[in-house]
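User: Could you take a close look at one part of this model for me, the exposed loop residue with the unusual backbone angle, and then walk me outward from there to the ligand site and the aromatic pairs?

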Amino acid sequence: MSEPIRITRATVKKQKPKDSELSFGTVFTDHMFVMDFQEEKGWYDPRIEPYGPFPLDPAAAVLHYAQAVFDGLKAFRSRDGKVRLFRPQKHVERLLESSRRLCIPPLDPELALKSLVTLVGMEKDWVPATVGTSLYVRPTIIANEAFLGVRPAKSYIYYVILSPVGAYYPEGMNPVKILVVDKYVRAVEGGVGGAKTGVNYAASLYAAEEAKHSGFTQVLWLDGRERKYIDEVGTMNIMLKIGDEIITPPLSGTILAGVTRDSVLTLMREWGLRVSERPVTIDEVATAAHNGELAEVWGTGTAAVISPVGELSYKGERIVINGGRIGPLTQKLYDTIVGIQYGTAPDTRGWTVAV
Ligand code: COI
């Protein structure tokens, strides 16, 4: 049995935004979950308290050496008013995997799951109802020991914050334009690309800004060694349909083990489609496009769920996919996942957890 969660309620409640006003990650709910770690005590004092800033020593390890991990999942409101988290156990598993890679002491997975369910349960009224909106859940662990030497810290804070959100990309489900970059890389073999840690996102900013200035929504990352194999698209996993084969790069350590990626692969295998987790080069993609075989390309991620790619630009060449329109498989995957998330389609795989 894990330690009980101590609850301190906010005395002043914030005004909730209208569903139509929601963007991504700008508004936060009234409460947050917090728990501390000290070497001598382990993880202790799980609590829910009013949302607010932490005191943080300027020497805190996270501020200097980025010892931190996070995850991101969502809670959805169905038409009958019920609130469900989508695959929270899988997100907890990944948070623990990321922690291991960053030398952060493991959370008790049962308590981590309880932190998500209890906090979302308390903040149920914040879960928006319109399809396309949800409550984004952000569990995070930071090293807060005040120490400037480089080694794993001896103290940490685990916290969970909640944000009612709308679409991640302003384009919504409209296909995005992507620049294939070969000048910068996001991750290298043996590095931390497979962990959900802030440094991967910091490392992505420069290339993403350059791409934006040239009129693209995001970048497509190639592998760090040969700059040949496709890795990820922006902050999402990438999938391509070439002929009747659906291809996504394998989990070789440089890409994140996306929960939406796993969900989509499961669905497509159940549907009997030919799905390959294998390396795929950008040249193979360009050749397939020239031969008229590149049918659909999409990204998968928690934030945007499914994001159709309408155009890839590589070495100055424009590769337009499906006439720049969303493809039938991309649409079917989106509809199926969203149906399960909002409770309009049956959840036969135990993916959702009611709160
Ligand atoms: C996702 O859920 O797709 C992401 O990784 C985006 C997140 C960093 C906001």
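Analyst: Happy to. Lysine 315 is exposed, with a relative accessible area of 65%. Please keep in mind that this is a predicted model. Lysine 315 sits in the loop between strand E16 (305-314) and strand E17 (317-320). Its phi is near 50 degrees, a positive value in a residue other than glycine. That is worth a look, because most residues other than glycine have a negative phi.

Arginine 87 makes a good companion case. Phi of arginine 87 is also near 50 degrees, again positive in a residue other than glycine. This residue belongs to the loop between strand E6 (83-86) and H2. Here the surroundings are another matter: arginine 87 counts as buried, at 10% relative accessibility, whereas lysine 315 is exposed.

Helix H2 itself covers residues 88-101 and contains histidine 91. Histidine 91 is buried, with a relative accessible area of 3%. Its side chain makes a polar contact of 2.7 Å with the side chain of aspartate 71.

Let us return to strand E16 and step to the loop that joins E15 (294-301) to E16, where threonine 302 is found. Threonine 302 has a relative accessible area of 19%; the cut-off for buried is under 20%, so threonine 302 counts as buried. This residue brings us to the ligand: one of its backbone N or O atoms lies 3.2 Å from a ligand oxygen. Alanine 303 offers a polar backbone atom at 2.8 Å from an oxygen atom of the ligand. From the side chain of lysine 196, an N or O atom is 2.9 Å from a ligand oxygen. On its own the ligand has 280 Å² of accessible area, and the protein covers 90% of that.

The full set of residues around the ligand is Phe24, Arg138, Tyr168, Lys196, Tyr201, Thr235, Gly301, Thr302 and Ala303. Sorted by class, this shell has four nonpolar, three polar and two charged residues. Two members of the shell, threonine 302 and arginine 138, are 164 residues apart along the chain, and their C-alpha atoms are separated by 11 Å.

Several shell residues also lead into the aromatic pairs, of which the whole structure has 12. Take tyrosine 201: its ring centre is 5.3 Å from that of phenylalanine 70 and the planes stand at 55 degrees, so this pair is tilted. The pair links distant parts of the chain, with phenylalanine 70 in strand E4 (residues 68-70) and tyrosine 201 in helix H4 (residues 198-213), 131 residues apart. Phenylalanine 70 is buried, its relative accessible area being 11%.

Helix H4 takes part in another pair, that of tyrosine 184 and tyrosine 206. Their ring centres are 5.5 Å apart and their planes are at 70 degrees, so the pair is edge-to-face. Tyrosine 184 lies in the loop between strand E9 (176-181) and H4, while tyrosine 206 is in helix H4, 22 residues away in sequence. Tyrosine 206 is exposed, with a relative accessible area of 56%, in contrast to buried phenylalanine 70.

Phe24 and Tyr168, both around the ligand, belong together with Tyr136 and Tyr169 to one aromatic cluster. Arginines also meet aromatic rings in this model. Arginine 151 lies over the face of phenylalanine 147, at 3.9 Å from the ring centre, and arginine 349 lies over the face of tryptophan 351, at 5.0 Å from the ring centre.

One last stop is strand E8, residues 155-165, which holds isoleucine 157 as well as serine 155. Isoleucine 157 is buried, with a relative accessible area of 5%, and serine 155 is buried too, with 13%. Each can be set beside a residue from elsewhere in the sequence. Isoleucine 157 and aspartate 36 are 121 residues apart in sequence, yet 4.7 Å apart in space, C-alpha to C-alpha. For serine 155 and alanine 61, the separation is 94 residues in sequence and 9.3 Å in space, again C-alpha to C-alpha.

Terms used. Residues are numbered from 1 along each chain as its sequence is written. This is a predicted model: local features need pLDDT of at least 70, side-chain atom pairs count only at pLDDT 80 or more; totals for chains, interfaces and linings use all residues. Side-chain values use heavy atoms; hydrogens and water are left out. A residue is near a molecule or strand if one of its heavy atoms lies within 4 Å of it. A polar contact is a pair of N or O atoms within 3.5 Å; within protein, one must be able to donate a hydrogen and the other to accept it, and residues adjacent in sequence count only if both atoms are side-chain atoms. Accessible areas come from the Shrake-Rupley method with a 1.4 Å probe; for residues, only the protein chains shown count as cover. Ala, Val, Leu, Ile, Met, Phe, Trp, Tyr, Cys and Pro count as nonpolar, Asp, Glu, Lys and Arg as charged, and the others, Gly among them, as polar. Rings of Phe, Tyr and Trp (its six-membered ring) pair if their centres lie within 6.5 Å; planes under 30 degrees apart count as stacked, over 60 as edge-to-face and the rest as tilted. Helices (H or I, at least four residues) and strands (E, at least two) are DSSP runs, numbered from the N terminus. Buried means under 20% relative accessible area, exposed over 50%, partly exposed in between (1.4 Å probe, protein chains only). A charge sits over a ring if NZ of Lys or CZ of Arg is within 6 Å of the ring centre and within 35 degrees of the ring normal.
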